[in-house]
Amino acid sequence: TAAGFVVACGGGDSDAPVASDGGDQALFDAVADVELEVALSEFTFDPETAELPVGELVAITLRNDGSTEHDFTIKRIDGAQAYRLDDEPPSIDRADGEDVHVALLPGTSAELRLRVTEPGEYELYCAVSGHRRAGMRTTLTVR
């Protein structure tokens, strides 16, 4: 049976300037509307399905419980995103319509902050060579 998660909406926060290191610190300073955890291992995401609310700030804790490198990639998603490994400063910010990509070595974790601005279905997968083909992929639904 596939485990899944559906999250509910809350209040939102306004956008703020991008930090000098390239990550959007405002996404971490704001209180998340939704919090969830995703574990990555050989060759699955747990939970296996995902549904997020459009326009809400989502904090996703990513954990690599596997014995090899994995990543969390969302193909062509519109909105704001930043992530940090462990408790480091935010390390990435990118323009709308590009991929979300967070790479994790075995036993490490990261926090990803997302605010998706367009509803739809997006491909979520591990971009490590061969992992997607081995079944480490799903659809992220934003409503």
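This is a guided tour of one protein chain, stop by stop, for a reader with the structure open in a viewer.

**The whole chain**

Begin with everything selected, and bear in mind that what is on the screen is a predicted model. The protein chain holds 1 helix and 11 strands, and reading along the sequence gives the pattern β-α-β-β-β-β-β-β-β-β-β-β. Of its 143 residues, 43% count as buried, while the chain exposes about 7,000 Å², of which carbon and sulfur atoms supply 46%. If you look at contacts with a separation of 6 or more, 73% of them in this chain come from residues 24 or more positions apart.

**Colour by confidence**

Next, colour the chain by pLDDT, which averages 80, with 78% of the residues scoring at least 70. Among the elements, strand 1 (residues 4-6) has the lowest mean pLDDT, 37, whereas strand 2 (residues 34-41) has the highest, 95. Select residues 1-22, where the pLDDT is below 50; beyond near neighbours in sequence, this stretch still has 47 contacts in the model. Where pLDDT is low, the predicted coordinates should not be read in detail.

**The open sheet**

Now select strands 3, 2, 5, 9 and 7, which in that order form an open sheet of 5 strands with mixed pairing. At its edges lie strand 3 (44-46) and strand 7 (79-85), each of which pairs on one side only. From one strand to the next, the twist averages 25°. As you turn the sheet, it may help to recall that in a regular strand the side chains alternate between the two faces of the sheet.

Within this sheet, move to strand 5 (residues 57-64) and strand 9 (residues 109-116), which run antiparallel and are joined by 7 bridges. One residue to pick out here is Arg63, which stands opposite Ser109 in strand 9.

Keep strand 9 in view and add strand 7, which pairs with strand 9 in the antiparallel sense over 7 bridges. Here Gly79 stands opposite Val116 in strand 9. Is strand 7 enclosed by the rest of the structure, or open to the outside? Because 5 of its 7 residues are buried, strand 7 is largely enclosed by the rest of the structure.

**Salt bridges in and around the sheet**

Side chains of opposite charge can pair when their charged atoms come close. In this model the count comes to 7 salt bridges, and a few of them make good stops.

Show the side chains of Arg84 and Glu111, which form a salt bridge with their closest N and O atoms 3.3 Å apart. Arg84 lies in strand 7 and Glu111 in strand 9, so the pair ties together parts that are 27 residues apart in sequence. Both Arg84 and Glu111 are buried.

Then return to Arg63, which forms a salt bridge with Asp65, the closest N and O atoms being 2.8 Å apart. Arg63 counts as partly exposed because its relative accessibility is 29%, and Asp65 counts as partly exposed as well, at 47% relative accessibility.

For another pair, select Arg132 and Glu123, whose side chains meet in a salt bridge at 2.6 Å, N to O. Arg132 is partly exposed, with a relative accessible area of 32%, and Glu123 is partly exposed too, with a relative accessible area of 28%. Adding Glu37 to the earlier pair of Arg63 and Asp65 then shows one network, joined by salt bridges that share partners.

**Strands 4, 10 and 11**

Glu123 also leads to the next stop, since this residue stands opposite Thr139 in strand 11. Select strand 10 (residues 120-125) together with strand 11, and you will see two strands that run antiparallel, joined by 6 bridges. Strand 11 (residues 137-142) is also joined to strand 4 by 3 bridges, and those two run parallel. To locate that pairing, look for Ala50, whose bridge partner in strand 11 is Leu140.

**A last stop at Pro47**

Finally, select Pro47, which lies in the loop between strand 3 and strand 4 (49-52). Is Pro47 buried or exposed? Pro47 counts as buried because its relative accessibility is 13%, and the cut-off for that word is under 20%. Add Leu36 to the selection to finish: the two residues are 11 residues apart along the chain, and their C-alpha atoms are separated by 9.9 Å.

Note on methods:
Residues are numbered from 1 along each chain as its sequence is written. Side-chain values use heavy atoms; hydrogens and water are left out. Helices (H or I, at least four residues) and strands (E, at least two) are DSSP runs, numbered from the N terminus. Buried means under 20% relative accessible area, exposed over 50%, partly exposed in between (1.4 Å probe, protein chains only). Contact means heavy atoms within 4.5 Å. Accessible areas come from the Shrake-Rupley method with a 1.4 Å probe; for residues, only the protein chains shown count as cover. Two strands pair if DSSP finds at least two bridges between them. Axes are lines fitted to C-alpha atoms, for helices over the stretch in contact, and angles run from 0 to 180 degrees between N-to-C directions. pLDDT is the predictor's confidence in each residue, from 0 to 100. A salt bridge is a side-chain nitrogen of Lys or Arg within 4 Å of a carboxyl oxygen of Asp or Glu.
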